[in-house]
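User: Could you take a close look at the ligand site for me, and then at a few residues elsewhere in the chain? I would like one connected account, with the cut-offs spelled out.

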Amino acid sequence: MTNEIYVPAGGPPRVPPLSPEIYGRMGEANIFLMIADFYNELEQSAIRDMFPDDMAASAEKSAAFFVGLLGGPPLYHTRYGNPMMRARHMPFPIDEAARQEWLACFNRTLERAVAHYDFPTEHLPAFRAFLEGFSGWMVNKK
Ligand code: HEM
């Protein structure tokens, strides 16, 4: 059945926590700018229709999550509650092609992240590995 929910084999990825040095260097403002940039990429992408008309509001929510993930205060938890990311993505049919499009948008943003948002170069490989692993867990459709 094509409507069946797909569960990636192996369950949630076991990815090492990201270094809080990332938030230490960038600060909240740069992380918000980086995620706004990422949402600009999404806005021009093949998966644009998955997102609401108001991309700015979506970007703010995601930025709150990434602040916590990169070692800052748990803004997302405080504002919106338990992230439960796979569950929150369930309303959107995410297949491997959608994941690749999402990752491509993020990768384009990360090419500019050191120069534009002071992302510490030495932590880029770990962040890319995190996005690669965690995005696999968001896939819910064959
Ligand atoms: C695999 C590809 C992915 C796709 C296609 C995707 C797509 C989406 C969509 C359509 C929304 C809803 C936007 C809205 O209603 O405002 C969303 C929300 C969000 N996504 Fe993703 N996403 C993906 C992966 C990820 C990953 C890997 C992360 C985190 C590392 C993430 C973090 C978030 C956050 C924090 C939100 C806001 C949740 C909320 O509504 O509270 N997404 N995503």
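Analyst: Happy to help; here is the ligand site, followed by some residues picked out from the rest of the chain.

A word on the basis comes before the details. This is a predicted model, in which local features need pLDDT of at least 70 and side-chain atom pairs count only at pLDDT 80 or more, while totals for chains, interfaces and linings use all residues. Residues are numbered from 1 along each chain as its sequence is written, and side-chain values use heavy atoms, with hydrogens and water left out.

Let us start at the metal. The iron atom of the ligand has a single donor from the protein, namely NE2 of H89, at 2.0 Å. Donors here are N, O and S atoms within 2.8 Å of the metal (3.2 Å for Na, K and Ca), and water is not among the atoms, so sites may look incomplete. H89 belongs to helix α4, which covers residues 85–89. Helices (H or I, at least four residues) are DSSP runs, numbered from the N terminus.

Moving out from the iron, the ligand is surrounded by 21 residues, and the closest of them are S58, Y76, M85, H89 and W102. A residue counts as near the ligand if one of its heavy atoms lies within 4 Å of it. By class, this shell holds 14 nonpolar, four polar and three charged residues. In that scheme Ala, Val, Leu, Ile, Met, Phe, Trp, Tyr, Cys and Pro are nonpolar, Asp, Glu, Lys and Arg are charged, and the others, Gly among them, are polar. Four helices each supply at least two residues of the shell: α2 (55–69), α4, α5 (96–117) and α6 (124–138). The largest share, five residues, comes from α2.

The ligand sits in the largest pocket. On a 1 Å grid over the protein atoms alone, a pocket is an open set of points where a 1.4 Å probe fits, with protein on both sides within 12 Å along at least five of seven lines. A molecule sits in a pocket if more than half of its atoms lie within 2 Å of the pocket's grid points.

Three side chains offer polar atoms to the ligand. An N or O atom in the side chain of Y76 is 2.3 Å from a ligand oxygen, and for the side chain of K61 the distance from an N or O atom to a ligand oxygen is 3.2 Å. W102 places a polar side-chain atom 3.3 Å from a ligand nitrogen. A polar contact is a pair of N or O atoms within 3.5 Å; within protein, one must be able to donate a hydrogen and the other to accept it, and residues adjacent in sequence count only if both atoms are side-chain atoms.

Y76 deserves a second glance. This tyrosine lies in helix α3, residues 75–80. Y76 counts as buried because its relative accessibility is 5%. Buried means under 20% relative accessible area, exposed over 50%, and partly exposed in between (1.4 Å probe, protein chains only). From Y76 to F66 the C-alpha distance is 8.3 Å, with their positions ten residues apart in sequence.

Now for other buried residues. H123, in the loop between α5 and α6, has a relative accessible area of 14% and is therefore buried. Its side chain makes a polar contact of 2.9 Å with the side chain of E21. S135 is in helix α6, and its 7% relative accessibility makes this serine buried too. A polar side-chain atom of S135 lies 2.7 Å from the backbone oxygen of L131 and 3.1 Å from the backbone oxygen of E132.

The backbone has two residues to note. Most residues other than glycine have a negative phi. M84, in the loop between α3 and α4, has a positive phi near 35 degrees. M84 is partly exposed, since its relative accessible area is 47%. D118, in the loop between α5 and α6, also has a positive phi, near 60 degrees. With a relative accessible area of 35%, D118 is partly exposed.

Finally, Y6 sits in the segment before α1 (21–43). Y6 counts as partly exposed, because its relative accessibility is 26%. Y6 and I94 are 88 residues apart in sequence, yet 9.4 Å apart in space, C-alpha to C-alpha.

Notes
1 Å grid on protein atoms, 1.4 Å probe; cavity = no way out; pocket = protein on both sides within 12 Å on 5 of 7 lines; lining within 4 Å.
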